[in-house]
Amino acid sequence: MKFNNLGIIDPILKALRDKKYVTPTEIQQKAIPIVLNRRDILGCAQTGTGKTAAFAIPIIQLIQKIEIRRKRRTKIRALIVTPTRELAIQIDDNIREYSKYTQVRNTVIFGGVKQHAQVEKLKKGVHILVATPGRLLDLVDQGYVQLDAVKIFVLDEADRMLDMGFINDIRKMLKILPTNRQSLFFSATMPKNIVELSRSILHHPKRVNVSPVSSAAETVKQVVYYTNKRDKKNLLLHILQNEEINQVLLFSRTKHGADRISRDLRKKRISANVIHGDKAQNHRQRALKNFKEGKIKVLVATDIAARGIDINKLEYVINYDIPNVAETYVHRIGRSGRAGEDGKAISICEPEENAFIREIERLIKQPISVIKNHPFQQTDKPMTEQEKKAWRKEKQRRKQEFFANRKKQ
Ligand code: AMP
């Protein structure tokens with residue numbers, strides 16, 4: 001199967017050749033004909049499968065063939081809503097590349113930056129708008145965005161949208177959108193609340209399923225180092241110095257932890273930067289750009305910030321902590337080994353996290369290779385429930401003591 005067989009118009013085929021795409025990915029093969037036939041989609045697929053092009057290509061084609069050839073006014077005809085700013089920017093960039101030989105115009109809006117530049121672009125007129133929910137509703141309220149001509153609505157990463165608390169924003173959006181429209185709904189997972197949400201959006205959808213969450217693990221070589229909590233820092237340095245790592249995306253569960261890791265690495269003269277929700281948008285963009293251009297070795301990220309980031313040929317991912325939700329692990333390692341490239345995921349596991357590794361192995365239905373030969377072996381035992389309780393109490397006591405002392409000063 002080649003892109004030519006999917007009935008795609010020449011200007012888009014030419015752009016895909018420039019991108020060196022030869023064969024459509026599974027989701028592209030399945031979804032493109034459905035969208036071109038004006039049907040709704042309920043898609044279970046995650047980032048890394050070629051999902052963006054699967055909806056972007058047919059949307060560009062429909063707009064080029066219908067709106068532009070018939071010389072209709074430039075209005076927002078397709079709205080793509082996605083949870084994070086990084087993902088929004090990436091989708092917008094992809095659309096610009098796929099549509100460069102057409103007259104289709106697109107732009108992106110997201111929060112965390114001043115709105116002026118975004119409003120100016122909107123005023124010039126666009127066919128496709130990519131948006132994060134908050135800024136979209138804000139600009140709708142201010143009258144800068146009109147959604148009455150929208151014919152195609154895409155809700156991307158729906159599960160993450162709900163995780164991030166966007167449900168009310170989605171409901172508001174649905175009230176504004178024309179009811180007579182085509183809708184494409186994508187989610188990496190399909191729990192009950194997501195299926196229910198999809199019912200309120202879609203009309204006789206076609207289901208498209210690709211790579212269930214556990215299969216992303218297949219192309220990535222995975223290893224785990226068992227160590228102690230106090231040795232993690234030194235073990236990380238050992239790994240970064242000994243493995244042939246040019247660049248790595250490193251995950252931390254907390255923003256605070258991410259800042260600390262990056263600081264520690266820089267102290268050891270390893271170039272590192274951080275992206276997480278507390279960092280200003282321009283900082284995050286700069287960090288991502290520097291990383292993509294190979295100027296920094298380690299990009300430290302939290303799960304939400306890293307979701308959807310597309311870095312070509314990212315070979316290594318390091319889990320500095322082991323997620324307590326096994327699916328999160330699969331999302332993390334899915335950042336490497338993208339679109340058929342080989343990847344490697346290294347996990348650094350302290351005693352308290354041993355049980356999480358077992359859960360992950362159950363989900364991915366394969367054992368993770370253990371690196372036995374390293375200088376920071378796990379010697380501590382996981383705490384018993386009683387010890388954990390005592391430790392939580394002690395932490396609480398120290399916190400209170402800290403605040404009490406601060407008040408006194
Ligand atoms: P996505 O899942 O949309 O984030 O895409 C994942 C990566 O695969 C991106 O870097 C795309 O540029 C790339 N990609 C998408 N479709 C194809 C294709 N048909 N052939 C090669 N690479 C592709």
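**Cavity, pocket and domain contact**

Arg-38, Ile-59, Leu-62, Ile-63, Ile-66, Glu-67, Arg-77, Lys-151 and Ile-152 line the second largest cavity. The model discussed here is predicted.

Biologist: Thanks for starting there! Which helix gives the most to the lining of the second largest cavity?

Modeller: Happy to help. The lining includes Ile-59, Leu-62, Ile-63, Ile-66 and Glu-67. These fall within residues 51-68, and five residues of the lining come from that helix, which is α3.

Biologist: And how many residues of that lining are charged?

Modeller: Let's sort the lining by class. Five of its residues are nonpolar and none is polar. Among the others are Arg-38 and Lys-151. The charged count is four.

Biologist: How much space lies in the second largest cavity?

Modeller: The structure holds two cavities of 30 Å³ or more. For the second largest of them, the space comes to about 60 Å³.

Biologist: Let's move on to the second largest pocket. Which element gives the most to its lining?

Modeller: That pocket holds about 970 Å³ of space. It is lined by 28 residues, and those closest to its centre are Lys-229, Arg-253, Glu-350, Glu-353 and Lys-395. Two or more lining residues come from each of α10 (232-242), α11 (255-267), α15 (354-364) and α16 (385-408). The top contributor, with five residues, is α11.

Biologist: How many charged residues does the lining of that pocket have?

Modeller: Lys-229 and Glu-350 are among the residues closest to the centre, and both Lys and Glu count as charged. The full lining has seven nonpolar and five polar residues, and its charged residues number 16.

Biologist: Now the domains. What area do domain 1 and domain 2 bury between them?

Modeller: The chain is divided into domain 1 (3-209) and domain 2 (220-408). Their C-alpha centres lie 32 Å apart, and the contact takes 17 residues from each of the two domains. The size of an interface is often given as the accessible area lost when the parts come together. Here 46% of the buried area is on carbon and sulfur atoms, and the total is about 1500 Å².

Biologist: Good to know! Which residue forms a salt bridge with Arg-284?

Modeller: Across the interface, the rule finds one salt bridge. In domain 1, Glu-86, Gln-90 and Arg-160 lose the most area to domain 2, together 38% of what that side buries. The closest N and O atoms of the salt bridge are 2.8 Å apart, and the partner of Arg-284 is Glu-86.

Note on methods
Residues numbered from 1 in each chain as written. Predicted model: local features only at pLDDT ≥ 70, side-chain atom pairs only at ≥ 80, totals over all residues. Heavy atoms only, no water. 1 Å grid on protein atoms, 1.4 Å probe; cavity = no way out; pocket = protein on both sides within 12 Å on 5 of 7 lines; lining within 4 Å. Points joined across faces, edges and corners; volume = space filled by probe spheres on them. Helix = DSSP H or I, 4+ residues; strand = E, 2+ residues; numbered from the N terminus. Domains from an automatic or database assignment. Contact = heavy atoms within 4.5 Å. Buried area = accessible area lost by both parts, 1.4 Å probe. Salt bridge = Lys/Arg side-chain N within 4 Å of Asp/Glu carboxyl O.
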